[in-house]
Amino acid sequence: MRRTVVPLPLFGLLLAVAAAQPNKDDWDIYSFHINSTVTSRYATTVITSRVANRMDESKEIEFHVQIPKNAFISKFRMFIDGQVYDGVVKTKEQAQQQYTDAVSRGQSAGIVSSVGRTMEEFKTSVNVAAHKKVTFELTYEELLKRTHGKYEMQIHARPMKLVKDFKVDVHIYEKAGISFIDVKGGLSTKALANAITKTHQDKQAWVNFSPTEDQQKSCDSCGEEGMNGDLVIVYDVNRDNGLGDIKTSAGYFVHHFAPSDLPRISKNVVFVIDQSGSMHGKKMEQTRTALLHILNDLAEDDFFGLISFDAEIIHWKRELVQATSANLEIAKVFARNIRDRGSTDINAAVLEGARMLNAHPREGSASILILLTDGDPTSGVTNLETIQSNVKQAIADKFPLYCLGFGFDVNFEFLEKMSLQNNGVARRIYQDSDADLQLKGFYEEVATPLLTDVTMIYVGGANLTQTNFSQYYNGSEIVVAGEIIDNNIETFIPQVVAISTERRVKTFNTNTSVDSSTGTVADGFLQRVWAYLTVKQLLEKQLLLSGSDKEKVKQEALELSLKYSFVTPLTSMVVTKPEGENTEVLHKPKEGEAPQLQLHRHVGGVGGVGSVAGLRPLPPIMHSDPSLTDTGRVGGVGSVAGLRPLPPIMHSGKWHPLQGPSFTGSTYVLDYDESDDIGVHSAPIVDHAYDLPVDDVELEAVMPTSVSVTHRFLLKTKNLSLPLCFEISGAMILKLLHHPSKELYVNGELDSETNGGFSKIFIHAGSDQHIEVDPNGCNVRRGQTATQLTTNDPVTTGSITVTRHGNNKFSIAVEDMRLVILVHEKDGNKFLWPVLLQKPSANNTDGVLALEPADYEEVESSPSTKLRIKGRVTDVTRSTAADYSIVKPVLLDCWLTSSVDVLDKPLNDYIAPQL
């Protein structure tokens, strides 16, 4: 029976493209419920969707939802024909082979991936037989975080289809009592507001959202295809000035500490603002706007300092000054005149900010250092670990460092580690129209310190989460969980000791024994809260460690993730489907990661497996042939020496080989130099060749006879020794960078000019985000929407941000991957050159740009030079190669050797079947 692919638009749905659009009544989401229970700020949400296939043939139904980034998926199941198919959480290693097998067969792979600021996407699919039904059920858990004096729970509803039985039910229970509750978001406006009922009774609250089909068309972004928007549940609890809210049950406790009626502590704050050239335009304008708002909010008893920096440090004042109205007005003049220029010396700037705070140790105050930057260090000290070490030594645990990373060019992992090392946090500022409000909002979170040096003490407690906090800010909350030894409530004594205003020691304790919460929380509930918080903190802790200590912490986090079935960055969920269908592996990304590529096996039609509509024809793919050498002397156009062509690839419904031009010589650089004007980078890339099915198709491989071009690549070394160079012969498409687990693919087509580079480079992020770069410009596509870069203003679509720098450089950020594409010109011919500034954070990258720096030993110099490379002795010849990875290329000496000695695997594994 023929199978049709139909996307199922659900909670947070992103529509896929179906081969044939079904009629309105062919399939039906007849019920869609979101049920969330919040107890002691811990939310457990279950999304249940019921779908009926009303056609006479089977359909592939896709389930797409968005969940908060802070959440862990803990359960997924499908109910089909009375059978239950459960997802199972496994280690990534256990799941990886299943994932790899699925992708290699061209089959779909389920994913959990980042989509925007606060949400992640979960998607999977299943084949539903004719006139059958399927029920999807997804459960996720999150600890709500208190900021600005309230908790927020976001529910994103984007059905893109009218649903007859659509319902959101939220029940909140708080032992301390609920002080207020409100419902905000785009789905709470206009006619949809009438679909919301809200009930508040002391310790409990209920929110129900049940829009009719007519109401589902009524919000600003709603229409005939249904709702598209958010519900945001906002609430807070009653507070006292004592110990706070403590829940105990079944041998575990959770303590929420957030006293409010405390005098504020005056602060010393230094703002360190990046004004390098990459901050040009909107980013610099928004930074100035935010800084002016922040200066207005400083209290008169606060002291502050302003530093802007590029390759140099620009002081407003060299010492901290009091926030008097006169000083603030002068500071605003300085802020308005901050202008972008030059490179980025983060090390010197942060050390200067720390010096200013250390030189002003005001009794009874709290000090804060805030860094805002949008890129990597490119001048002064550029080694990231050295910078982190220098900063940690300068701060010496005296005050927190908060790092704000502007956009996706920034090395967020570097900022996150540096913040955590210094008792702070890192926050990404998204390059949108409200970036100034994001900056101001973050400052408001830390604007009012109430306590410093907070120590949480639990006599009779064990296996505690974090208990020491440098500062407690108004509107926030400290949460600690742990076990109660022998479940003995009588001997369990909590206490909090902290420094209040004027350096007074303040003690919070209870005068009576802690009450058990038995009967108010479910068995095992507090244990899950403890596990959730522990895993979150262990994942942060392992960023600060190395070697065996790091592995020990990762193992502890992994064991807890498996025990409590949390999908974390260390685990994956394997989704088992009915017999005969693919098994899917679902991964949770780190901050900034892009989704994994989803490949579909097409049945019939034009294009065949792996084809993409709109792409140009491809050169033949190569197989190894030991009868040929790899010296570049054998093979015609489209061939690689030592390889034989596969059948040509189908294009526009016809099978034919690519007729290519002659090539005579080009040079390519795989560069790891940290001292040039681009930054730390690696090499160009290539992908696996796929044998294509050619059912009932007669193929005729016509091989050109013209002379092939030789391309020379340069691979620099770990030390200052001579780099290696090697040659590849033929016109082809190379894998520049492939990262299947993040659905990130970068391919480049070699041009036909002597000493040229790449004529085109394509970047694919997910199934619907694409960048096409050629020497004349850059085109960014998402779905059917295309944007041509004509100015230097950044363009952001989905997870991709692209910036044009004049006519000779493009910078591209896809989540945490950063790539620069240079445009060079030689003898009137323009070509591209890719430079990888930052690899994706996961370690399964593949391609030429992912090659590690060369490491070799010279074992003989006469009569010929021999090097030991990767344990093998080989003859080399001294030669030269052009370094195209810098703006002004230079000719470098190198040791010319075979590609076999340099590449990590056979050359054909570095060839991509298509752009």
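## Where α2 meets α7

In this predicted model, a good place to start is the contact between two helices: Gln286, Thr287, Thr289, Ala290, His293, Ile294 and Asp297 of α2 touch Ala435, Asp436, Leu439, Lys440, Tyr443 and Glu444 of α7. Sorted by class, the α2 and α7 contact holds 5 nonpolar, 4 polar and 4 charged residues.

As for geometry, α2 spans residues 282-297 and α7 spans residues 435-445, and their axes come within 8 Å while crossing at roughly 35°. The α2 and α7 crossing is right-handed.

## The largest cavity

How many cavities of 30 Å³ or more does the structure hold? There are 4 of them, and the largest has a volume of about 100 Å³.

Several residues from the α2 and α7 contact turn up again here. The lining of the largest cavity includes Thr287, Ala290 and Ile294, each of which is also on the α2 side of the contact with α7. Leu439 and Tyr443 line the cavity too, and both belong to the α7 side of that contact. The rest of the lining is made up of Phe271, Ile273, Leu291, Ile370, Leu372, Leu404 and Phe442.

Seen by element, β19 (267-274), α2, β23 (366-373) and α7 each give two or more residues to this lining. Helix α2 gives the most, with 4 residues. By class, the lining has 11 nonpolar residues, 1 polar residue and no charged ones.

## α4 beside α5

Next comes the pair formed by helix α4 (residues 346-358) and helix α5 (residues 384-395), whose axes cross at roughly 5° and come within 9 Å. That angle makes α4 roughly parallel to α5.

On the α4 side, the contact uses Asn347, Val350, Leu351, Ala354 and Asn358, and on the α5 side Ile387, Asn390, Val391, Ala394 and Ile395. The contact of α4 with α5 comprises 7 nonpolar and 3 polar residues, with no charged ones.

## α8 against α9

Last in this tour are helix α8 (residues 525-541) and helix α9 (residues 547-563), which pack with their axes 9 Å apart at an angle of about 150°. Why does α8 count as roughly antiparallel to α9? The angle between them is about 150°, and angles over 145 degrees fall in that class.

The α8 and α9 crossing is left-handed. Helix α8 brings Gln527, Trp530, Thr534, Val535, Leu538, Leu539 and Lys541 to the contact, while α9 brings Val553, Glu556, Ala557, Leu560, Ser561 and Lys563. Here the contact divides into 7 nonpolar, 3 polar and 3 charged residues.

Methods. Residues numbered from 1 in each chain as written. Predicted model: local features only at pLDDT ≥ 70, side-chain atom pairs only at ≥ 80, totals over all residues. Heavy atoms only, no water. Axes fitted to C-alpha atoms, helices over the stretch in contact; angles between N-to-C directions. Left-handed = near helix turned anticlockwise from the far one by under 90°. Contact = heavy atoms within 4.5 Å. Nonpolar A, V, L, I, M, F, W, Y, C, P; charged D, E, K, R; others polar. Parallel < 35°, antiparallel > 145°, perpendicular 65-115°, else oblique. 1 Å grid on protein atoms, 1.4 Å probe; cavity = no way out; pocket = protein on both sides within 12 Å on 5 of 7 lines; lining within 4 Å. Points joined across faces, edges and corners; volume = space filled by probe spheres on them.
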